[in-house]
Every structure is written in C-alpha cells, then in structure tokens.
Amino acid sequence: MKKIIAILIGIILVVAGCKETIIQYGVPKEQINDALHGDIVGKIIQKNSGSVIIVGQVSPIDSVMVNPIDGSFALRGLQIGNYDLTIRADNYRLYLRNNVFVQGGGVTYVGEVDLSTVPELISST
C-alpha cells in the first residue's frame, strides 16, 4: 500500500513539473546508493571473533566491526572501484581478499568467510 502511495505521489509530482527527488520509504538518504556508490556486505562464520573488517585501496578507507549476533558486516557508500578487503581478529589468521569490485548502485556480496586459527607453536618434536 505504501509503495502505491509513493508511486502516485511521484506521478503527481512529475505531472506537476516538480523536480524534487523522492526518497525511498523507510531508508535513510545516506544509505541509498547512487550510480557512483555501492556497498560491500558479507558474513563471518566466527561471529564472536570480534573481527574488524577494513577496506582500502592503497591505504585504508573505511572499517567496521562484525555484528556479534549474526556475524554480518556492511561497508556502505563506497565509490565505484576495486578494493582490498582485510579481516583482522585476535587468535585468527589475517584474511585478505584483493580486487573486490564495487558497482554503482549495487551491493557486492563477498559470501561467508571462515577464518582459520593460528596454529599453536610446537614445543617439542
């Protein structure tokens, strides 16, 4: 019903010559991707790892913490281009994924990431 009302308002504004942008219902303006921005989303299997997800090109651009409830993460509003994704967590190996492409207006899903543990040191042979 809300979509129908939004569409009708949009038609009325177009017919009336109004050029105001209509924001999608219930979505904050800063989370709407335009043709020049996109998102990287994914999920870490070890949801309680306290992982930090870092995205960068030559240097880090943005970072987020993993959601401890479901292991998900989202890096929003990135400019079009290729990014390097790094995941850091205590007691886990560093996870690197190069050339993650972000398209304008899209969401790039990197899948479920299974972090591997750091092997314990050998004390004797």
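How much area does the chain expose, and what share of it do carbon and sulfur atoms supply? The chain exposes about 9000 Å², and carbon and sulfur atoms supply 56% of that area. Keep in mind that you are looking at a predicted model.

**The overall layout**

Let's start with the big picture. The chain has 1 helix and 7 strands, and if you walk along the sequence you meet them in the pattern α-β-β-β-β-β-β-β. Of its 125 residues, 26% count as buried. Now take the contacts with a separation of 6 or more: 58% of them are between residues 24 or more positions apart.

**Strand β1 and its partners**

A good place to zoom in is β1, which covers residues 37-44. This strand is mostly covered, with 6 of its 8 residues buried. It pairs with β4 in the antiparallel sense, over 6 bridges, and here I40 stands opposite L75 of β4. β1 also runs parallel to β7, joined to it by 5 bridges. On that side, K43 stands opposite E112 in β7.

**The nonpolar core**

What about the inside? In soluble globular proteins, nonpolar side chains tend to be buried together. The largest nonpolar core here has 17 residues, and the members that touch the most others are I40, I44, I53, L75, L78 and L85. Two or more residues come from each of β1, β2, β4, β5, β6 and β7. So you can spot I40 and L75 again, the pair that stand opposite each other across β1 and β4.

L85 is worth clicking on. Leaving out residues up to four places away in sequence, L85 touches I53, I54, F73, L75, Y95, L96, R97, V100 and V110.

**One salt bridge**

How many salt bridges does the structure hold? There is 1. Side chains of opposite charge can pair when their charged atoms come close. In this case the side chains are those of D39 and R76, at 2.9 Å from N to O. The two partners are 37 residues apart and link distant parts of the chain, with D39 in strand β1 and R76 in strand β4.

Is D39 buried or exposed? D39 has a relative accessible area of 3%, so it counts as buried. R76 is at 42%, so it is partly exposed.

**A nonpolar patch on the surface**

Some nonpolar residues sit on the outside too. L36, I80 and F101 form a surface patch, with about 290 Å² of accessible area together. F101 belongs to strand β6, and its relative accessibility of 43% is why it counts as partly exposed.

**Two asparagines with positive phi**

Finally, have a look at the backbone. Most residues other than glycine have a negative phi, and most peptide bonds are trans. N91 goes the other way, with a positive phi of about 65°, and N99 also has a positive phi, near 55°. Where do N91 and N99 lie? N91 is in the loop between β5 and β6, while N99 is in strand β6. Both count as exposed, because their relative accessible areas are over 50%.

Here are the relative accessible areas of the residues we picked out:

| Residue | Relative accessible area | Class |
|---|---|---|
| D39 | 3% | buried |
| R76 | 42% | partly exposed |
| N91 | 65% | exposed |
| N99 | 57% | exposed |
| F101 | 43% | partly exposed |

Terms used. Residues are numbered from 1 along each chain as its sequence is written. This is a predicted model: local features need pLDDT of at least 70, side-chain atom pairs count only at pLDDT 80 or more; totals for chains, interfaces and linings use all residues. Side-chain values use heavy atoms; hydrogens and water are left out. A nonpolar core is a set of buried Ala, Val, Leu, Ile, Met, Phe, Trp, Tyr and Cys residues joined through side-chain atoms within 4.5 Å. Buried means under 20% relative accessible area, exposed over 50%, partly exposed in between (1.4 Å probe, protein chains only). Helices (H or I, at least four residues) and strands (E, at least two) are DSSP runs, numbered from the N terminus. Contact means heavy atoms within 4.5 Å. Patches are made of residues with over 30% relative accessible area and no salt bridge: like charges are joined within 9 Å, nonpolar side chains (Val, Leu, Ile, Met, Phe, Trp, Tyr) within 5 Å. Accessible areas come from the Shrake-Rupley method with a 1.4 Å probe; for residues, only the protein chains shown count as cover. A salt bridge is a side-chain nitrogen of Lys or Arg within 4 Å of a carboxyl oxygen of Asp or Glu. Two strands pair if DSSP finds at least two bridges between them.
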